[in-house]
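Here is a relaxed walk through one protein model, written for someone seeing it for the first time. Keep the picture open while you read.

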Amino acid sequence: MQNIISVLDRYVSHINMPSVNIIDVIEILLISVFVYQFMVWIKYTRAYTLLKGLLIISAFLIIAYIFKMNTILWIVSKLSSVLIMAVIVIFQPELRKIVEQLGQKRIMSAIIPFDVGKEVKERFTDKTINELVKACFDMGEVKTGALIVIEQKNRLDEYIRTGINVDAVLSSQLLINIFEHNTPLHDGAVVMRGNRIVAATCYLPLSDNMELSKQLGTRHRAGVGISEVSDSVTIIVSEETGQISVAQEGKLERNVSSARLRAILEKAQNKTIVDNKLRQLLKGRSKHEGKTDK
């Protein structure tokens, strides 16, 4: 046992430990917070998919380096400057958005969540679900075509920019008026974020899926197309039949009932209850102090 301790002592004595001061600790904490916030932000954008593609390419290059594939490494080294510019161009909308959000974000509240407690977290309220279901089936009865995109984790800013800003609280009357025939906003898609209609007359990418029925028109192909490039839920009201269809994850579910549409929206609502002990403790303290003052 003594020999083991002496050997360990000899090895440890040769290790030069770097000196760590308070500035180094602060620097490490700041870098950790920055990396964490960056990963949280990128998870809810289309950049997350692009980042996974870049990670696959990086893994391929590591394999090429290990097995000394010199031709591939030479090509990559010559194209490295072009690849950097290509990454900047590809991520340009996301980079611009993060700089904008940096100016709007309350950094301390994000790091130390004092103002959270037992609360219901949801993308949109039950009232919004009721208004959506009512509007869709009211439009279906009179065969008014509609295309409603519900944003989830992936932001749809690049498609919102193609339309006209509305920024209004969602209601069934407003949706019906937007999609009414011969009105300025009826053509194109409505994009919904939370409980609000963000924009109308938005252009969406059309799906190239050859398995879709030839009877389906541009509205249905656009609904499937946006669901292929994002995690959105899209409601389509057919102008020919008045039937309601829902597109998500690149798949189209046709002729859904009001109960089925409500179930899909409740799943997209993602309602959760968060219970924070810190806020309850602070509330308990304030009540106790109030009683003591009396």
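Start with Arg-193, which stands opposite Arg-196 in E5. That pair belongs to E4 and E5, strands that run antiparallel to each other and pair over four bridges. Between the two strands of this hairpin there are two residues, and Gly-194 takes a positive phi near 65 degrees there. Bear in mind that this is a predicted model.

E4 has another partner: E2 and E4 pair in the parallel sense over three bridges. In that pairing, Val-149 stands opposite Val-191 in E4. Is E4 enclosed or uncovered? Four of its five residues are buried, so E4 is largely enclosed by the rest of the structure.

E5 has a further partner as well, since E3 and E5 pair in the antiparallel sense over four bridges. Here Ala-168 has Ile-197 of E5 as its bridge partner. E3, residues 164-169, is hardly covered: the count of buried residues among its six residues is zero.

The strand pairings mentioned here can be set side by side.

| Strands | Sense | Bridges |
|---|---|---|
| E2 and E4 | parallel | three bridges |
| E4 and E5 | antiparallel | four bridges |
| E3 and E5 | antiparallel | four bridges |

Now zoom out for a moment. The protein chain has 12 helices and nine strands. Of its 294 residues, 28% count as buried. If you take the contacts between residues at least 6 apart in sequence, 66% of them join residues at least 24 apart. The accessible surface of the chain comes to about 20000 Å², and carbon and sulfur atoms account for 61% of that.

Next, the inside. The largest nonpolar core holds 28 residues, and the ones that touch the most other members are Leu-132, Leu-175, Ile-235 and Leu-261. Several elements chip in with at least two residues each: H7, E2, H9, E4, E5, E6, E7 and H11. Which of them gives the largest share of this core? That would be H7, with six residues. There is another core apart from this one, with 18 residues, among them Leu-147, Val-191, Val-198 and Ala-247. You have already met Val-191, the residue of E4 that Val-149 stands opposite.

Leu-261 is worth a click in the viewer. Leaving aside its neighbours within four places in sequence, Leu-261 is in contact with Val-133, Cys-136, Phe-137, Ile-235, Ile-244, Val-246 and Val-256. Ile-235 on that list is also one of the residues touching the most other members of the largest core.

Let's look at H7 itself. H7 has 16 residues and reaches 23 Å from its first C-alpha to its last, close to the 22 Å expected at 1.5 Å a residue. Its buried residues are Thr-128, Ile-129, Glu-131, Leu-132, Val-133, Ala-135, Cys-136, Met-139 and Gly-140. Those buried residues pack against E2, H9, E4, E6, E7 and H11.

H10, residues 218-229, is another helix to find. Its 12 residues should span 16 Å at 1.5 Å a residue, and the end C-alpha atoms are 17 Å apart, which agrees. Buried in H10 are His-220, Arg-221, Ala-222, Gly-223, Val-224, Gly-225, Ile-226 and Ser-227. They pack against E2, H8, E6, E7 and E8.

What about the cysteines? Cys-136 is buried, with a relative accessible area of 0%. Cys-202 is buried too, at 2%. As for disulfides, the count comes to zero.

Finally, a word on backbone angles. Most residues other than glycine have a negative phi. Lys-143 has a positive phi of about 55 degrees although it is not a glycine. Lys-143 sits in the loop between H7 and strand E2, and it is partly exposed, with a relative accessible area of 40%. Glu-249 also has a positive phi of about 55 degrees without being a glycine. Where is Glu-249? Its place is in the loop between strands E7 and E8. At 69% relative accessibility, Glu-249 counts as exposed.

Methods. Residues are numbered from 1 along each chain as its sequence is written. This is a predicted model: local features need pLDDT of at least 70, side-chain atom pairs count only at pLDDT 80 or more; totals for chains, interfaces and linings use all residues. Side-chain values use heavy atoms; hydrogens and water are left out. Buried means under 20% relative accessible area, exposed over 50%, partly exposed in between (1.4 Å probe, protein chains only). Contact means heavy atoms within 4.5 Å. Accessible areas come from the Shrake-Rupley method with a 1.4 Å probe; for residues, only the protein chains shown count as cover. A nonpolar core is a set of buried Ala, Val, Leu, Ile, Met, Phe, Trp, Tyr and Cys residues joined through side-chain atoms within 4.5 Å. Two strands pair if DSSP finds at least two bridges between them. A disulfide is a pair of cysteine sulfur atoms within 2.5 Å. The expected span of a helix is 1.5 Å times one less than its number of residues.
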